[in-house]
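Dear colleague,

Please find below the structure that I am handing over to you, followed by a summary of what was found in it. I would be grateful if you could read the two side by side.

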Amino acid sequence: SLSLETLLYASGERQLSSALKKMTVDDNTEEVVIAKLSEGAFEPLESWKPFPDKVENPSPDQLHRFGLTAQELATLGSRHPLELVMEKVAAVDIIKK
């Protein structure tokens with residue numbers, strides 16, 4: 001389904017159990033993103049804020065929780081850490097094909 005594919009893609013995981021573990025809301029969750037995948041599903045509340053285009057400086061803990069290893073982070077050089085996140089997400093699509 002579209003919702004499961006979106007979950008897998010956003011998590012950067014191929015397995016549903018791994019994606020759910022990574023993307024589940026718990027007591028440590030600070031923010032959530034809601035994706036409206038069809039018209040009429042719900043109406044956003046006025047108090048909801050738009051998600052920023054990108055996080056300027058993700059913390060090492062945030063990157064680790066997304067599944068990036070210290071070895072992967074060591075390859076960054078001058079690149080922005082979010083480039084590794086995008087590579088991981090893109091790899092889900094490549095591996096599926």
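**Findings**

V32 is exposed, as its relative accessible area is 52%, and exposure is assigned over 50%. Please note that the model is a predicted one. V32 is found in the loop that runs between helix 2 (16–23) and helix 3 (60–65). Together with V25, I34, L45 and W48, V32 forms a nonpolar patch on the surface. The accessible area of these residues together is about 490 Å².

S11 presents the opposite case with regard to burial: its relative accessibility is 0%, so S11 counts as buried. Its place is in helix 1, which comprises residues 2–11. Setting aside residues up to four places away in sequence, S11 touches A19, K22, M23 and F66. With respect to L82, the C-alpha to C-alpha distance from S11 is 13 Å, while the two residues are 71 residues apart in sequence.

S11 is also linked to E13: a polar atom of the S11 side chain lies 3.2 Å from the backbone nitrogen of E13. E13 itself is located in the loop between helix 1 and helix 2. E13 has a relative accessibility of 19% and therefore counts as buried, the limit being under 20%. When neighbours within four places in sequence are left aside, E13 is in contact with L8, S18, A19, K22 and V92. A19 and K22 thus appear among the contacts of S11 and also among those of E13.

With kind regards

Conventions
Residues numbered from 1 in each chain as written. Predicted model: local features only at pLDDT ≥ 70, side-chain atom pairs only at ≥ 80, totals over all residues. Heavy atoms only, no water. Helix = DSSP H or I, 4+ residues; strand = E, 2+ residues; numbered from the N terminus. Buried < 20%, exposed > 50% of the residue type's maximum accessible area, 1.4 Å probe, protein only. Contact = heavy atoms within 4.5 Å. Polar contact = N/O pair within 3.5 Å; in protein donor to acceptor, adjacent residues only side chain to side chain. Patch = residues over 30% accessible without salt bridge, like charges linked within 9 Å, V, L, I, M, F, W, Y side chains within 5 Å. Areas by Shrake-Rupley, 256 points an atom, 1.4 Å probe, with all protein chains shown as cover. Salt bridge = Lys/Arg side-chain N within 4 Å of Asp/Glu carboxyl O.
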